[in-house]
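Visitor: Before we discuss anything, please put the sequence and the structure on the screen.

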Amino acid sequence: MKELMQSLREASIKAINESDNPESIEALRVKYLGKKGELTAILRQMGKLTPEERPVMGQLANQLREEIEQAIDLRKTILSKAILEKQLESEAVDVTLPGREQPVGHKHPMYNVLDQIKDIFIGMGFEIVDGPEVELADYNFTKLNIDEGHPSRDWTDTFYFTEDGRILLRTQTSPMQVHAMETRSLPIRMIAPGRVYRKDEVDATHSPMFHQIEGMVIDKGVTMADLKATLNLVVEKIYGKGTVTRFRPHHFPFTEPSCELDIQCHKCGGKGCPTCKGEGWIEVLGAGMVHPKVLSGCGIDPDVYSGWAFGMGLERLAMGEYKITDLRLIFENDVRFLEQF
Ligand code: PHE
């Protein structure tokens with residue numbers, strides 16, 4: 001019996017140490033220690049022993065059971081550790097790998113210029129208003145004192161949506177003057193930047209879509225002097241102190257009197273160069289005193305209130321600021337161009 005136990009000891013320890021997964025260890029436990037296991041089978045033969053031998057063999061058998069159990073536990077610990085290590089290894093994250101770069105865009109150069117202008121006007125207490133690009137001819141023309149026969153209403157110049165010419169893409173931001181007067185209480189100080197559309201062929205200085213900024217002030221006692229002072233200040237902030245301006249008489253149906261504002265060419269100081277096309281002056285905007293007819297059409301009494309308005313192209317301003325020579329570059333949105341700013 002002693003020999004049987006010894007060979008069971010050797011065989012079981014060997015098998016346990018050679019097993020390589022938790023399931024087979026469990027199977028070995030059943031095989032050796034289970035009710036029908038090999039150790040139990042040996043113990044069944046205890047009856048054949050003498051009363052003196054029995055306690056000795058019993059003790060040996062218990063010892064063997066403990067040894068087998070310990071071997072199983074040990075093997076299990078070793079195996080689960082190995083499994084964990086393998087898993088950790090296969091799921092490892094290499095923190096030394098370089099990260100994937102997330103490209104971040106930035107503001108379009110023209111919108112940088114727009115932000116700058118917005119800041120200037122916000123600083124003077126102006127409100128920024130937004131309005132429709134699809135507009136009624138009423139707002140784009142009629143309420144702005146532009147009669148039926150006016151050349152700017154021509155089908156060759158304006159994108160119309162309907163045969164009756166009632167709906168169109170706004171050709172200027174000036175309809176925002178009317179919208180503001182109709183929806184705001186007085187006094188009004190507002191600017192309205194946005195897209196406008198004209199049937200222009202595309203070239204280095206023209207595009208069928210471009211941007212304007214409209215500005216308007218309506219209050220009691222507003223005069224041309226306010227217009228000049230405010231716009232001179234804006235020019236100074238955009239182009240720098242000491243920039244020379246010139247208010248040149250002009251005509252717009254919705255302002256009276258009307259003018260255009262030029263700045264003396266900052267490149268040549270007025271002598272004439274490619275930047276100012278030899279003129280010495282660069283046209284910046286159109287402006288004037290809001291026409292009494294436009295005021296009264298919007299329900300404002302021109303005998304009590306007066307106002308001034310201006311309209312300025314945004315692309316040209318950005319082109320000047322960033323020394324961009326071709327308007328098309330602003331709209332193509334080629335990143336090689338945009339990344340320069
Ligand atoms: N809307 C005019 C244009 O597009 C500019 C302008 C605006 C002139 C406001 C006077 C007052 O040319």
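Guide: A residue is near a molecule or strand if one of its heavy atoms lies within 4 Å of it. This is a predicted model, in which local features need pLDDT of at least 70 and side-chain atom pairs count only at pLDDT 80 or more, while totals for chains, interfaces and linings use all residues. Residues are numbered from 1 along each chain as its sequence is written, and side-chain values use heavy atoms, with hydrogens and water left out.

Visitor: Which residues come nearest to the ligand?

Guide: The ligand has 14 residues around it. Those that come nearest are Q172, S174, R198, Q212 and G311.

Visitor: How far is a polar side-chain atom of Q172 from a nitrogen atom of the ligand?

Guide: A polar contact is a pair of N or O atoms within 3.5 Å; within protein, one must be able to donate a hydrogen and the other to accept it, and residues adjacent in sequence count only if both atoms are side-chain atoms. An N or O atom in the side chain of S174 lies 2.9 Å from a nitrogen atom of the ligand, and one in the side chain of Q212 lies 3.0 Å from an oxygen atom of the ligand. For Q172, the distance from a polar side-chain atom to a ligand nitrogen is 2.8 Å.

Visitor: How much of the accessible area of the ligand does the protein cover?

Guide: Accessible areas come from the Shrake-Rupley method with a 1.4 Å probe; for residues, only the protein chains shown count as cover. On its own, the ligand has 330 Å² of accessible area. The share covered by the protein is 89%.

Visitor: Which strand gives the largest share of the shell around the ligand?

Guide: Helices (H or I, at least four residues) and strands (E, at least two) are DSSP runs, numbered from the N terminus. At least two residues of the shell come from each of β5 (209–219), β8 (281–290) and β9 (306–313). The largest share, three residues, is that of β9.

Visitor: How many residues of the shell are charged?

Guide: Ala, Val, Leu, Ile, Met, Phe, Trp, Tyr, Cys and Pro count as nonpolar, Asp, Glu, Lys and Arg as charged, and the others, Gly among them, as polar. On that basis the shell has five nonpolar and seven polar residues. The number of charged residues is two.

Visitor: What is the radius of gyration of the protein?

Guide: The protein has twelve helices and nine strands. The globule rule (2.2 Å times the number of residues to the power 0.38, with the radius of gyration taken over C-alpha atoms) gives 20 Å for 341 residues. The protein is well over that value, so it is more spread out than a compact globule. Its C-alpha trace spans about 135 × 45 × 40 Å along the principal axes, and its radius of gyration is 45 Å.

Visitor: Is L39 buried or exposed?

Guide: L39 lies in helix α3 (residues 38–44). Contact means heavy atoms within 4.5 Å, and beyond its neighbours within four places in sequence L39 is in contact with L8, Y32, L33, A61, L64 and R65. Buried means under 20% relative accessible area, exposed over 50%, and partly exposed in between (1.4 Å probe, protein chains only). Because its relative accessibility is 0%, L39 counts as buried.

Visitor: What separates the C-alpha atoms of E18 and N145?

Guide: E18 is in helix α1 (residues 2–18) and, at 55% relative accessibility, counts as exposed. N145 is in the loop between α6 (137–140) and β3 (167–169) and is buried, with a relative accessible area of 19%. The two residues are 127 apart along the chain, and their C-alpha atoms are separated by 101 Å.

Visitor: Which side chain does a polar contact of 2.9 Å join to that of D326?

Guide: D326 is in the loop between α10 (314–322) and α11 (328–332), and at 19% relative accessibility D326 counts as buried. Leaving aside neighbours within four places in sequence, D326 is in contact with D203, A204 and M319. The partner in the polar contact of 2.9 Å is the side chain of R328.

Visitor: Which residue does a cis peptide bond join to E256?

Guide: One cis peptide bond runs from L186 to P187, with omega near -5°, and P187 lies in the loop between α7 (175–183) and β4 (188–197). For the bond from E256, omega is about -5°. The residue joined to E256 is P257.
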